Each structure stands twice: as C-alpha cells, then as structure tokens.
Amino acid sequence: MPPFAMTSPKTGEKLEAVDATPLEAIADVVSKARAAQAVWAAMDVAKRVAAVSKVKTRILTRAEAIAKTIADETGKPDVEALMGEVLASADVVAYWAEIIADELEPFEAEIDGLSYPKKAGLIHREARGTIGVIMPWNFPFALPLRTFIPALMAGNAIVFKPSEITPRTGQLVAELFADLVPAGLIGLVQGGGDAGAKLCGSDVDLIVFTGSPASGRKVAHACADRLIPCTLELGGKDAAIVLADADLDRAANGIVWGAMMNAGQNCGAVERVYADQKIVKELTDRIVAATRALRTGEDVGPLTTAAQLATVKRHVDEAKAAGGKVLVGGEETPGDEKAQLGYLPTVVSIEGDESALVADETFGPVIPIMAVADAAEAVRRANASRYGLTASVWTADLRGAEKLAKELRAGVVTINNHSFTGALPSAPWGGVGETGWGITGSPLALDHLTRPRFVLLDRNRASRELWWYPYTDTLKKIALAFAKLRGGAPLGGRIVALFSLIGLLPKRMGELKAATRAAHEPGKIDAS
Ligand code: NAD
C-alpha cells in the first residue's frame, strides 16, 4: 500500500504528491531538532512566547486555505474545519500566550524548618527536550497544534509525524512556524506507521501520540524499550445518558451533532445513547427527525477512508443481525456520491451492549439508542466500556447530574452538551482505560511537556546536619521523639516528647561538634 492517501474522499480528485521521509533520514531530523532545542530553551520565555504567538495571525489570515486543505484530505465540510480546527487552534495560541510564563515560573516547596533548618527549595519546570508528535487524520490541524503550542513555548523541539492520510495538512502545520523559531527546531517526518515506529525508536525524550489503541500499544512498547515517557490519547466510545426530565429537543439536537460531526470520526463522538425508558420513544423520534434533516455533503461529509467505511458497514450489519432496527440511514450514500465513501447518517434502536456497534469504536455517522430503566442502569452500562474518553448527561437536574458525573468512568463529563470541550484550551482532555493516558489542554498538559527540576538552597553553616554521621543513641531518641510529636502518641506523650527534645537537640549538637573536632584529631572519636 502506498504510504499516502492520494485522492480526496470528498471529490474523488487527485491530491498533490507528497514525498516520504526516508526512514534512514529520521535520526538526522531528530538530531537537528535536538541541537536547535538547546538554543531555544536557553532563550527567555517571553521571547519564545512572542515568536510562537505570531502563529495565531498566520492561522487566521490563512484560514480559508487551511480549511480547504483539511476538507480536501478528510472530506469534512469546510465550515467544520473552520470552526473546529482553524478557530479552535487560534484560541489555543492565545490561551497559552496568556498563561504560560506564569505556569513556568519556579515555585517554592514547603520545607519544615524544625527538621530541615535554613533550607529553601524551588521547583522549576524544564523543557522535556525533543518531543516526537505522532498524530491521526481526523483533526489533522487542531490535534498537533494543541501540543505544538505549549510544547514550543515551554522550550521544547518537536519532530512531527502527521498521518499518512493527511500529510498535506501536516505540512501546513509545520509551515506555520517558518522563520519564527530556529531552523530545525520543528522537524517534519512524512510517512506511515513505519516512520512513526522509527521516530519512537530515535533519540527523542517523549512521544505524544494520538491514534488507535492498536498503534498506541506499539508506541508504548517502543517507548518502554527506550525508557522514555509517552502520552497516549486513543479511541473512545462515548455514552450520552438522557434522563426522563431532559429537554428532549436540546438533547436530540446535541446528540445528533455530537454523533454526526466529522461524519462521526471523532474520538469523542456520541457512539451510545442510554435513554430512560419513559422518554426513549419521544427522544428517538426527535433524533430520527434531526438525522433525516441532515444534508449529506453539507452537514455530514463522507468517511475519510475506505477502511472506515467498511467498519461502519460491518457494525451496522452486525447490529441488524443482532436484532437492531435501523430507523433511518443504514446504507452507503446513494448515486454518484457513492464513490466518495459516504454513509447515510444512521440511527439504530437496539437492546443489548454486546454487538460491535455498541461495544467497539465505530468512528462513523451512526447512533445506537438503548432504553434503560433508570440513571443507575445507564451509568452501569456506560461504564462497562473498555474506553472512557467523554460522557454526557442530559437532564434538568443539574445537581443530580453533578453527582452522576462523579460516577462516570470518563476523562470528561459534559452536562447538557457533548464533547465540544476538546476545543477549550483551558479544559483538560484525556481518558481512562483503553482511551489511554495523557492530557492535552489546561496547565495539566505541562506535566508531560516539562519535567520538574528541584533546586535546594542550604544556608545552614553547621559542619554537620543533625541526621549525618555519627549515628548515636541520642539521634535515635530524637527520631523517636519526632515520631511521637508527629502523631505517634496522644497529647500527653507529645508534650513529653517536646520536652525531651529540648534536652536531646543540644546534646546532639555537642556530639556533632565533637565528631568534627575529632576528625581533625584522628583516633579520638568518642560518640558514646
Ligand atoms: P492510527 O493508530 O492508525 O494512526 C495514528 C498515527 O500513528 C498515524 O500517524 C500513523 O502513521 C501512526 N502509526 C501507526 N503505527 C505506528 C507505530 N507502530 N508506531 C508509531 N506510529 C504509528 O489511528 P488513526 O486511524 O489515524 O486515528 C483514529 C484513531 O485515533 C481512533 O481510534 C480515534 O479515537 C483516535 N483519536 C483519539 C483522540 C483522543 O484525543 N483520544 C483524538 C483523535 C483521534
């Protein structure tokens, strides 16, 4: 199979040729990035932020051309590319420009002055170094940038491997930074999984990976072999829980958007609806009506790849065989559009959770609806998935929903909305289970993109610390008195321990001084 997708899923037209990066050239790209990183990290953070911030204007002034390239490669409607990728990415730049200098400021560690006198500790955040960024095709512009922006501002270099399905958008991402950062700081590697594997095995300090659980496992193994960290943002099977008191119009419209956006090729797409049996019929009617109203091509684009179309067809066919009822859609887009990998927006009413349509990631424009007896059953079934990215609760009872949110096994829970928080730069995005680990968005992302360096400053001029050699009976008594003081004895015992320390500490100081004196006169050590 050639490494790059060569025709547009939207128009069927031929796309511009892309040159693959030879596998043997990847080490060189990484070493150039590493050399540039040393210079970049030494720069003042304000200068780095000023340079990277210029990307915002480039994104906004190139908005239409960027959206066109995204739409040509993925098939998604231009407006979706503009809203979800172009504007969202400009917001990411503005967000990090505002907060990152403060986030990178060293901060003091609390140190108990009695146990550790005259010491001050500062926690610095250092750049991680050279970061390999390996990305999928479904949001080929926004996903890399949500890591690029904070990573670069924090002083890292990046070697970027876009998906082989969207290499042209990948190139646009890298080009945004031309002349703004030192040459080589951002390396671009074009190719398929073998190029990604090579990057994981190269001299990088961290891999930030977004993609399927199958590839994520390989990345995790490769990083384990090199003993470097990786962050994994993998698949999802989001549940939407609709309670009996929900605003059904809002719930239906929100669920249809959450499920059909990007033709359902969204890690945070609604892929399961658990609706209270009291309202399931009314909700389903509304979802079916809203789905029928969608215009193929304008509202919902084609699937991006033939493999994706095949998965969607298989899941719907298996669900039908398992007793599921297709209420709308359930087949490929008819007529001329068939060549464009389209699948009609589909709603399926189904009972159990066993079929692939309900258990596995479909990544297509299909909504399975299941009736549940109550909220408890909905939460139990929502949590039974091996994935755990986002989940939503639709209800008028916000307090009750907040309680349910705590029971849901998901990295993000939205109440009366679904999954759009991936576009909020201040919100952490990540999941549990086979959705992997790793956070993008919010200052928590810096826990991956930087590493702490703790610097301790000691102003103690004593020749020996209390706990240094020689170990003596006095030191043991002091340790036991500290144990009582810190909670190892009732109040009376703590008071006795405090008084005993008043005698023990000067005695210990005397021992330490004596030991230092004796060191100048070898043969005279007496620690009794
Ligand atoms: P994929 O795993 O096929 O590919 C992702 C990237 O990994 C590509 O660049 C690919 O070339 C590379 N790759 C493949 N094998 C590799 C290997 N052995 N070593 C290193 N890199 C390798 O995924 P995809 O089909 O491009 O994307 C769809 C998946 O991504 C879905 O499962 C979706 O849920 C997930 N996703 C998750 C999030 C999230 O935030 N959790 C966001 C978007 C997409």
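Look around the ligand in this predicted model: the shell there counts 31 residues, and Glu164, Ser212, Ser215, Leu234 and Glu361 come nearest. Sorted by class, that shell has 14 nonpolar, eleven polar and six charged residues. Where do at least two residues of the shell come from a single helix or strand? Helix 5 (142-153), helix 7 (193-200), strand 6 (206-210) and helix 8 (213-226) each supply that many.

Some polar atoms pair up with the ligand, and here are three of those pairs.

| Residue | Part of the residue | Ligand atom | Distance |
|---|---|---|---|
| Trp137 | N or O atom in the side chain | oxygen | 3.0 Å |
| Glu164 | polar side-chain atom | oxygen | 2.7 Å |
| Ala197 | backbone N or O atom | nitrogen | 3.4 Å |

On its own, the ligand has 850 Å² of accessible area, and the protein covers 90% of it.

Now for the sheet. Five strands make up an open sheet in the order 5-4-3-6-7, and their pairing is parallel. Strand 5 (186-188) and strand 7 (230-233) sit at the edges with a single partner strand each, so one side of each has no neighbour in the sheet. From one strand to the next, the twist averages 15 degrees.

Take one pair of strands as an example: strand 3 (residues 130-134) and strand 4 (residues 157-161) run parallel and are joined by five bridges. Opposite Gly132 you'll find Val159 in strand 4.

Helices lie across these strands too. Helix 6 (residues 167-175) crosses strand 4 and strand 5, at about 160 degrees to strand 5. Helix 7, which also supplies shell residues, lies across strand 3, strand 4 and strand 6, running at about 160 degrees to strand 3.

Conventions. Residues are numbered from 1 along each chain as its sequence is written. This is a predicted model: local features need pLDDT of at least 70, side-chain atom pairs count only at pLDDT 80 or more; totals for chains, interfaces and linings use all residues. Side-chain values use heavy atoms; hydrogens and water are left out. A residue is near a molecule or strand if one of its heavy atoms lies within 4 Å of it. A polar contact is a pair of N or O atoms within 3.5 Å; within protein, one must be able to donate a hydrogen and the other to accept it, and residues adjacent in sequence count only if both atoms are side-chain atoms. Accessible areas come from the Shrake-Rupley method with a 1.4 Å probe; for residues, only the protein chains shown count as cover. Helices (H or I, at least four residues) and strands (E, at least two) are DSSP runs, numbered from the N terminus. Ala, Val, Leu, Ile, Met, Phe, Trp, Tyr, Cys and Pro count as nonpolar, Asp, Glu, Lys and Arg as charged, and the others, Gly among them, as polar. Two strands pair if DSSP finds at least two bridges between them. Axes are lines fitted to C-alpha atoms, for helices over the stretch in contact, and angles run from 0 to 180 degrees between N-to-C directions. Contact means heavy atoms within 4.5 Å.
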